[in-house]
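This report considers the fold of a single protein chain and the side-chain pairings found within it. Please keep the sequence and the structure in view while reading.

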Amino acid sequence: ARDGLGRAVAAASVAEREAQSLFGLDMLGDGAHHKAALGSELAAQVVKMTGGLRNAAEDNLSYFSAQGSGYRALTAMLMQLLITIQGLEETATRLAELGYANNAGDVQGNGYWSLLRVLECCLRKMRSKVVSITSERDSVFFPARSGALLVGAEEYHGILQILTKALRLTLSFTDAEM
């Protein structure tokens, strides 16, 4: 019986550490900091991903701009991506503040957190695609073949554009209420 109890306590401890690392939650503590931690962690992740995406996109834009006019579609998509992600850090921080302010007690299930999670996922996918363009760009010897690098990137960028507009619209509604 003692071994079973020890295993249960150890499993609960592991589950708490996993929840803390994934969601910034304090399941067994007083709960005073877990609401802010969730939003802070998500906003920090979005800021980090946006910075990484910006750096990778700027690097690719610099590379393909120097290659000549045969890469117009690729450079246009990268320029549009950089325009799309402008101000996302501020948007994520404001959403985290709204999420924290709109929690119902200890419940962290309002829509602001969901918006941040969707944004995080979309940025992760877009960054992965832009990084793959970076790793594959040296293998594209002819500009006509550069379209292969765009496969998936344009779709992810379209989703990111729609999501960014929705997030900014959400913030405009909350600004109007204040």
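## Helix α5 and its charged pair

With a relative accessibility of 43%, Arg-124 counts as partly exposed. The structure discussed here is a predicted model. The side chain of Arg-124 meets that of Glu-120 in a salt bridge, with 3.3 Å from N to O. Both residues belong to helix α5, where they are 4 residues apart, or about one turn of the helix. Unlike Arg-124, which is partly exposed, Glu-120 is buried, its relative accessible area being 12%.

Helix α5 itself covers residues 111-136, a total of 26 residues. From its first C-alpha to its last it reaches 38 Å, close to the 38 Å expected at 1.5 Å a residue. Its buried residues include the aromatic side chains of Tyr-112 and Trp-113, together with Leu-116, Leu-119, Leu-123, Met-126, Val-130 and Ile-133. Glu-120, Lys-129 and Ser-132 are also among the buried residues of α5.

## Overall architecture and confidence

The protein chain has 7 helices and 0 strands. Of its 178 residues, 38% are buried. Among contacts with a separation of 6 or more, 72% join residues 24 or more positions apart. The accessible surface amounts to about 10,100 Å², and carbon and sulfur atoms contribute 58% of that area.

The mean pLDDT of the chain is 76, and 69% of the residues score at least 70. Which elements have the lowest and the highest mean pLDDT? The lowest mean, 46, belongs to helix α1 (residues 2-23), and the highest, 92, to helix α3 (residues 72-84). Over residues 11-36 the pLDDT is below 50, and this stretch has 33 contacts in the model beyond near neighbours in sequence.

## Salt bridges

The structure holds 3 salt bridges, listed below.

| Pair | Closest N to O distance |
|---|---|
| Glu-89 and Arg-54 | 3.0 Å |
| Asp-59 and Arg-137 | 3.2 Å |
| Arg-124 and Glu-120 | 3.3 Å |

In general, side chains of opposite charge can pair when their charged atoms come close. The salt bridge between Glu-89 and Arg-54 links distant parts of the chain, with Glu-89 in helix α4 (residues 88-101) and Arg-54 in helix α2 (residues 34-65), 35 residues apart. Arg-54 is partly exposed, at a relative accessible area of 24%.

The salt bridge between Asp-59 and Arg-137 also links distant parts of the chain: the partners are 78 residues apart, with Asp-59 in helix α2 and Arg-137 in the loop between α5 and α6. Asp-59 is partly exposed, with a relative accessible area of 35%, whereas Arg-137 counts as buried at 12% relative accessibility.

## Cysteines

How many disulfides does the structure hold? There are 0 disulfides. A disulfide is a covalent bond between the sulfur atoms of two cysteines, and the cut-off applied here is a separation within 2.5 Å. For Cys-121, the closest cysteine sulfur is that of Cys-122, at 7.2 Å, which is too far for a bond. Seen from Cys-122, the closest cysteine sulfur is in Cys-121, at 7.2 Å, and is therefore too far for a bond. Cys-121 is partly exposed, with a relative accessible area of 37%, while Cys-122 counts as buried at 9% relative accessibility.

Definitions and conventions
Residues numbered from 1 in each chain as written. Predicted model: local features only at pLDDT ≥ 70, side-chain atom pairs only at ≥ 80, totals over all residues. Heavy atoms only, no water. pLDDT = per-residue confidence, 0-100. Helix = DSSP H or I, 4+ residues; strand = E, 2+ residues; numbered from the N terminus. Contact = heavy atoms within 4.5 Å. Buried < 20%, exposed > 50% of the residue type's maximum accessible area, 1.4 Å probe, protein only. Areas by Shrake-Rupley, 256 points an atom, 1.4 Å probe, with all protein chains shown as cover. Expected span 1.5 Å × (residues − 1). Salt bridge = Lys/Arg side-chain N within 4 Å of Asp/Glu carboxyl O.
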